[in-house]
Amino acid sequence: MRTLVTGATGKVGHSVVLALLERGDHVRALVRDPDRAGRLLPATVELVAGDVTEPSSLDKACAGCEIVFNAMGLPEQWLRDGDAFARVNARGTEAVVRAAGRSGVRRVVHTSTIDVFDSESGRAFDESRVSKTPKGTAYERSKQDAERLALLAAGDSNVELVIVNPAAVYGPGPGGEASSFEEGMFRPIVLRQRLKLPMLPPGGTGLVFAPGLAQGQLLAAERGVPGERYIFCDAHVDFPELAEAVVRLAGRGAVPPTMPIWLARGLAAGGEAISQLVRRPPLLPRGQLHFFLWNPRPEAAKARKELGWEPTPLEQGLRATLDDLGLQLRPSSGRDQ
């Protein structure tokens, strides 16, 4: 089967590419920089230069493909240019689906997020809880708009659109790259870098292991119902619980204290003001803190029942991630003297 993956050099898209290659598909990747992508992706991947913000570049990428996995996007919770979220996440998604329709693609699997749902803080929710009002951050609103525009575009062109809604994604990335979440939390905890992470943020999150999510994407392409959403989440963790697991599995490190909510809010607000001046991301963006305090507990029962998906045990995923980051303590190869 010939498939196209957008966002193939990101954590989610890269895992999808590897899963497709393992299955034996001919994989094509839409990339902005073929030289960089060639260093991150297997040599058997066909690279097509293009950009989702340039719709005219997408038809060539979609031509001859049966399925498109739209895994591109800006995952950050803060950008100095806040309008970029709408340009890339929302209108870029619409452009991909419309190009798929023009090219005769049968199905698009769109990677969204659990941020598009509503629930009370700390409470469980499923796919029935889609938010009917705009969410509180530019990132969240761009993902809401992406779903809306993708569904409209699919309806106009008879493309089968299936939406995947993952929790916070972690796991091995292309070229050993760590996400900002892993780099900002796992590494400082294991290496005791207290200046980088003096305190844990309050709250918690749902997590999904990237290779397991990729298997879910393939199942969504095979068995998903057009127009439906599927939540993918392995487990929910509060941050002290996550830090304790990281220390235990790495065999070293220390669990920092948890930051009071009032301090976290002050740090997030002040940090963004400074970031606008120095043009560097804040330590704790307000959007990220908003998500952490929401502390969502997504339910993946629908994906398990309808798609046959199985979550990755948290310990298994964390071990693989710490190993990929080079953070697991290796036993000595020599004998004690």
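**Notebook: a walk through a predicted model**

I began with a loop residue, Arg192, which is exposed, with a relative accessible area of 55%. I was working on a predicted model, and I placed Arg192 in the loop between H6 and E9. Its phi is positive, about 55°, although Arg192 is not a glycine. I noted for comparison that most residues other than glycine have a negative phi.

I then looked up Asn158, another residue other than glycine with a positive phi, here near 60°. Asn158 sits in the loop between H5 and E7, and because its relative accessibility is 69%, it counts as exposed. A further entry on backbone angles concerns Asn295, which comes just after H10 and takes a positive phi of about 50°. In H10 itself I listed the buried residues as Gly287, Leu289, Phe291, Phe292 and Trp294.

**Overall form**

I stepped back to the whole protein and counted 12 helices and 12 strands. For its 337 residues a compact globule would have a radius of gyration near 20 Å, and the protein, with 20 Å, agrees with this. I noted the span of the C-alpha trace along its principal axes as about 65 × 50 × 45 Å. Of the 337 residues, 52% count as buried, while the protein exposes about 15,300 Å², of which carbon and sulfur atoms supply 51%. When I took the contacts between residues at least 6 apart in sequence, I found that 77% of them join residues at least 24 apart.

**The sheet**

In which order do the strands of the open sheet of 7 strands stand? I read the order as E3-E2-E1-E4-E5-E7-E10, with parallel pairing. Strand E3 (46-49) and strand E10 (229-232) stand at the edges and have a single partner strand each, so one side of each is left without a neighbour in the sheet. On average, and with direction ignored, neighbouring strands of this sheet are turned by 20° against each other.

I followed the pairing from E1 across to E7. E1 and E4 pair in the parallel sense over 4 bridges, and Thr6 stands opposite Asn70 in E4. E4 and E5 also pair in the parallel sense, over 4 bridges, and there the bridge partner of Asn70 in E5 is His110. His110 in turn stands opposite Ile163 in E7, where strand E5 (residues 107-111) and strand E7 (residues 160-166) pair in the parallel sense over 5 bridges.

I looked at E4 with one general point in mind, namely that in a regular strand the side chains alternate between the two faces of the sheet. In E4, Ile67 and Phe69 point one way and Val68 and Asn70 point the other way, and all of them are buried.

Two helices lie against these strands. Helix H1 (residues 11-23) lies across strand E1 (2-6), strand E2 (26-31), strand E4 (67-70) and E5, and runs at about 165° to E1. Helix H5 (residues 138-157) packs on the sheet and touches E5, E7 and E10, with its direction making about 165° with that of E7.

**The nonpolar cores**

Which residues touch the most other members of the largest nonpolar core? I found Met185, Phe186, Ile189, Leu242, Val246, Leu318 and Leu322, in a core of 39 residues. At least two residues of this core come from each of helix H6 (180-191), strand E9 (204-209), helix H8 (239-250), helix H9 (261-278), helix H10 (286-294) and helix H12 (314-324). H8 gives the most to this core, with 8 residues. Apart from this core lies another one, of 34 residues, which includes Ala19, Leu218, Tyr230 and Leu307.

I chose Leu242, which lies in helix H8, for a closer look. Is Leu242 buried or exposed? Leu242 counts as buried because its relative accessibility is 1%, where the cut-off for buried is under 20%. Not counting residues up to four places away in sequence, Leu242 touches Phe181, Met185, Phe186, Leu207, Val237 and Leu318. As a last check I took the distance from Leu242 to Gly287, which is 45 residues apart from it along the chain, and the two C-alpha atoms are separated by 20 Å.

Methods. Residues numbered from 1 in each chain as written. Predicted model: local features only at pLDDT ≥ 70, side-chain atom pairs only at ≥ 80, totals over all residues. Heavy atoms only, no water. Core = buried A, V, L, I, M, F, W, Y, C linked by side-chain atoms within 4.5 Å. Buried < 20%, exposed > 50% of the residue type's maximum accessible area, 1.4 Å probe, protein only. Contact = heavy atoms within 4.5 Å. Pairing = 2+ DSSP bridges. Axes fitted to C-alpha atoms, helices over the stretch in contact; angles between N-to-C directions. Rg over C-alpha atoms; globule rule 2.2 N^0.38 Å. Areas by Shrake-Rupley, 256 points an atom, 1.4 Å probe, with all protein chains shown as cover.
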